[in-house]
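Please look over the sequence and the three-dimensional model shown below before reading on. The report that follows is meant to be read with both in view.

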Amino acid sequence: MASSSTSKPSLLDAAHAVTELLQQLINGLALGAIYALIALGYTMVYGVLRFINFAHSDIFMIGAFSGYYLARYFPSASILAGIVVLLGAMAICALLGVIIEKLAYRPLRGRSTLTVLITAIGVSLFLQNVGQRIFGANPKSFPALFPLRYYQFESGLVVSSAQITVFVVTILLLFVLQYIVLRTRIGTAMRALSFNPTAASLVGVNNDRVISFTFALGSALAAAGGILYASNYPSIDPLMGTIPGVKAFVAAVLGGIGNIAGAAFGGVVLGLVETAVVALGGSTYRDAVAFGVLILILLFRPTGLLGKRNAEKV
Amino acid sequence: MLSRSQLALLGALAVIGVIGFFSASYNPYFLDIAVSCGINITLAVSLNLINGYTGQFSLGHAGFMAIGAYSAAMLTATYGVVLLPALAGQEWLLFALALTAGGIAAALAGLIVGVPSLRLKGDYLAIVTLGFGEIIRVVLQNIDAVGGARGLIGIPSYTNFFWTFGLAAIAVYVVWTMVNSTYGRGFIAVADDEIAAEAMGINTTRYKITAFLVGAFFAGLAGGMYAHFRNFIVPSGFGFDRSIEIVVMVILGGMGNTGGVIIAAILLTVLGEWLRQFGDFRMILYSLLIIVLMILRPQGLFTWSLPRRRSA
Amino acid sequence: MRATFKRTYSRAIINKITDFPMSHIRFKVLAALCIGAALLTACGQKSGDTAASGDTIKIGEFASLTGKEAAFGQSSHKGTVLAIEELNATGGILGKKIDFIFEDNRSTPGESATIAKKLITRDKVVAILGEVASGRSLEAAPIAQSNKIPMISPSSTNPKVTETGDYIFRVCFIDPFQGKLLAEFAKRTLKAQKVAIFSDVAAPYSIGLAQFFRDTFSATGQIVSEQKYTGGDKDFKAQLTVIKNTKPDAIFVPGYYTDAGLIVAQARQLGINVPLFGGDGWEAPELLQIAGKALEGTYYSTHFSAESTEPGATKFVAAYQAKYGEKPDAMAALGYDSAMVLADAIKRAGSTEGPKLREALAATKDFPGATGATTLDARRDATKPAVIITVKDGKFEYVETIAP
């Protein structure tokens, strides 16, 4: 269905094929980097609390809208203003994350994760519907926060500065998060809490504080994701979080949920698989194949690509 | 000699029959809500067998519903002309046949989804069932014979109060007797502690597969009922959000508490309509109520005993 | 009276269930919640009673006010509300004010039939307006038909909607008409021999338009590639890269502006410089904001343009901007027209009885509305000329008018 070129293969065609392959590789990596960026936030919260924060994708949306409104007070397309807006949105969402955790999740501490999951679904519905009331249902065009450039190569390959930014930021965050979790005091506390909450509090970890911090961090990541996503695809609406949210969730599980490097890796794998499906002519089945690959991988590696195999103790 | 639960089933069917007999005199709007309640009860009770009693977290119930809905609708809408004369023109017979076929098709899908549950746990199983549900939806979207994304029109209007609640009563009866039998204690054992259950000589594989098989079967029947109620189905109606709605009913009612789940299914269905009077704030209130109810009654609205301990 | 009864009743239930350990505060909150709910029910029922008086004409609407398609549902709804307000400001219809009752279906399948039953049997409306999406119109249409209550869809383009029965009407194009005219436009004006189609696999509108375009165009031209996306996707580069390599003369994007804006922008980023074109789903002021400069050299067909100089359109655009402070899109214009066509029919029928109203609606001819002169044909579909719009120097510009 995809390409119905009937001409005989020639050297020129081969060159075109290589160009298309490279372009699709770039497309896939850029898409994967975005999934990875959102998946990092999912994984942070999951890693500590062992529960899927369904509202993450809506905090992502709030992040994009915060950027949209903050950007009005700053000159457009300047790197400095862009960073200020980004940090502002991250701060707003961090605060929002902490409030949500206090009001909706904390009263359920110690209950089964499914109970918290339903509350998270409620929070997600709440944010979506409040968003539709406040921001309106029509999509809004996201302003150019950062200067946008396209790098066109002679062969026809195109890379945009926004794609490169996402890639760089994702890798940067990956290392920052690894550093926080593995090298800092609060990171040690997070790992202790994740391992055993009761034991952690016995050895002097302030569980409430650590969980608040985790939510602040996760929500700030969501905001960063939202703003970079909106910079790449400059059309935002109150339901914009749903699809990337599900995809990032898949990416996080694919990589082994709770594992920071796994989330990034899972995102890139998912982006590449989706792009490959389209490139091979299966655009109608893109989402189905993406899920199919996920299921196959999980059948052979039940805890994801980089997930630890936990031996069950009796 | 009939057992007590069998008597209860017959009694319920009789009451439903009497209420259904007079259904023409009820307001169509309220009747509509009642039928929606009945379908949701079947869905929630069947999901409760998988999620609640057996502890296998499934997020793909709408997928089973879709398979049942499309199979049943194909039989009546497309092949009805051929099949009806063969069944002596008896529409109820055709409907029963279509529903059963839909149920069996969904049960087969349940079998396929149940197999991964043997290797996967918790969130990993949840995402795999979610994936299966989405795959079913995408595939349906691409089949032109069932209308693709534009949906299947012209499904005859067979569903009524009696059929819906009759099915709900049977679903409740089957799940209830299964779980409360000696054999059925195995489901709860699997949910409580799989390793301990295995050590006690319980065939956990068989229980998990059975739960998926039976749960999917009834979801398929409910799907067929839904198709002949709305007379029009689209793949997007069986997406991830529909599955979530059913999961909310189960958890709000109390995992593994059939009575609570029934009440929650009714409550949430009626709540959605009742909140209409608040106009623009309807969905905001709906989501707030879910959060508040969950915080106030984390063990489920209608579970009065201490929550069962479960290994995460 | 009723409230006090309910209060004692809920108290009784609570007292009965409190023989298990439950913290005191929680009990109080739960009790307050139950009582609040009981009181609210009583209030809600009271307000329902007062609306039963007979000096108003009740018109119902079901719309996607929240959820996936809320962008279109809200626009259409705003147009309808504007029309009702204008009618009421000028004394209503037949000397009676309009009582406008609308309900939200969350853009989900399954709710519209319930709403239609509520509007008809509880609120006793004389006619129903709705819906943007064909799928939801198809759910409600059989209910309206069997109750002999006329239903007018503002923008459901699937031919099947009005085939439901003789009480179902629409004020928009149908897919076959627009698909055919776009195919002819591509051939004649764009001089395209090879066209790629990029459609939304999850949107009935997009699939319908693509199908009828393909049917007409493939008779003389070549469809070199057919790619799909799912509405709400943001990244289209993979499909566009495939399309680019098939070297089409033009790319047909039958979809909504929410996706089309990003598609056009990403196509230009990938160095695709051939024209892209679409249908009335593109018509929205937001399109320019989302895609900006990338839109130069793209085309779409529509029945309405906010830039139009037709008297009906300019009057509507001015009123809409005064009320909402934004420019209307095509959905808003159709929402407006659906209410105006209905009001016109009620006036001509001199009655709100279903059968008489139906006759009057069926006789609608050259009704001057926001989207031009609307005539309802024998299949109860609107026939009206289409306009081709292009973008030049950052502005929408008129190209040509194509008669039905």
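This report takes up the chains, then the places where chains touch, then two helix pairs, and finally a few backbone details.

This is a predicted model, in which local features need pLDDT of at least 70 and side-chain atom pairs count only at pLDDT 80 or more, while totals for chains, interfaces and linings use all residues. Residues are numbered from 1 along each chain as its sequence is written, and chains are lettered from A and ligands numbered from 1 in the order in which they are written.

**Chains B and C**

Helices and strands are here DSSP runs, numbered from the N terminus, with a helix (H or I) having at least four residues and a strand (E) at least two. By this reckoning chain B has 13 helices and 2 strands. The radius of gyration, which is taken over C-alpha atoms, is 19 Å for chain B, close to the 20 Å that the globule rule gives for 312 residues, so chain B is as compact as a globular protein of that length. The rule itself is 2.2 Å times the number of residues to the power 0.38. Along its principal axes, the C-alpha trace of chain B spans about 55 × 50 × 40 Å. Chain C, in turn, has 14 helices and 15 strands.

A residue is called buried if 20 or more other C-beta atoms lie within 10 Å of its own, exposed if 12 or fewer do, and partly exposed in between, with the C-beta atoms placed from the backbone. Two residues are in contact if their C-beta atoms, placed in that way, lie within 7 Å. The table sets out what these terms give for two chains.

| Chain | Residues that are buried | Share of contacts (separation of 6 or more) between residues 24 or more positions apart |
|---|---|---|
| Chain B | 58% of 312 residues | 82% |
| Chain C | 56% of 404 residues | 66% |

**Where the chains touch**

Chain A and chain B meet in a contact that takes 39 residues from chain A and 32 residues from chain B. On the side of chain A, α4 (113-134), α9 (242-255) and α11 (286-300) each supply at least two residues, and the largest share, 13 residues, comes from α4(A). To sort residues by class, Ala, Val, Leu, Ile, Met, Phe, Trp, Tyr, Cys and Pro count as nonpolar, Asp, Glu, Lys and Arg as charged, and the others, Gly among them, as polar. The side of chain A that touches chain B then has 25 nonpolar, 9 polar and 5 charged residues.

The contact between chain C and chain B takes 30 residues from chain C and 23 residues from chain B. Two or more residues on the side of chain C come from each of α2 (24-50), β2 (97-104), α4 (112-122), α5 (134-146) and α8 (204-217) of chain C, with the largest share, 6 residues, coming from α4(C). By class, this side of chain C has 12 nonpolar, 9 polar and 9 charged residues.

**Two helix pairs**

Two packed helices are described by the angle between their axes and the distance between the axes. The axes are lines fitted to C-alpha atoms, for helices over the stretch in contact, and the angles run from 0 to 180 degrees between N-to-C directions.

In chain B, the axes of α2 (residues 28-53) and α7 (residues 161-180) come within 9 Å and cross at roughly 20 degrees. That makes α2(B) roughly parallel to α7(B), a description used for angles under 35 degrees, whereas those over 145 count as roughly antiparallel, 65 to 115 as roughly perpendicular and the rest as oblique. The crossing of α2(B) and α7(B) is left-handed, a word used if the near helix is turned anticlockwise from the far one by less than a right angle, and right-handed is used if clockwise. Among the residues that make the contact are L31(B), A34(B) and V35(B) of α2(B) and F161(B), T164(B) and F165(B) of α7(B). By class, this contact has 16 nonpolar, 5 polar and no charged residues.

In chain A, the axes of α1 (residues 11-49) and α10 (residues 260-279) come within 6 Å and cross at roughly 145 degrees. The crossing of α1(A) and α10(A) is right-handed, and their contact has 17 nonpolar, 9 polar and 1 charged residues.

**Backbone details in chain C**

The peptide bond from G130(C) to E131(C) is cis, with omega near 20 degrees, and E131(C) is placed in the loop between β3 (127-129) and α5 of chain C. L94(C), although not a glycine, has a positive phi of about 55 degrees. L94(C) lies in the loop between α3 (70-89) and β2 of chain C and counts as partly exposed, with 13 C-beta neighbours inside 10 Å. D366(C), also not a glycine, has a positive phi of about 50 degrees. D366(C) sits in the loop between α14 (354-362) and β11 (367-369) of chain C and is exposed, with 9 other C-beta atoms within 10 Å.
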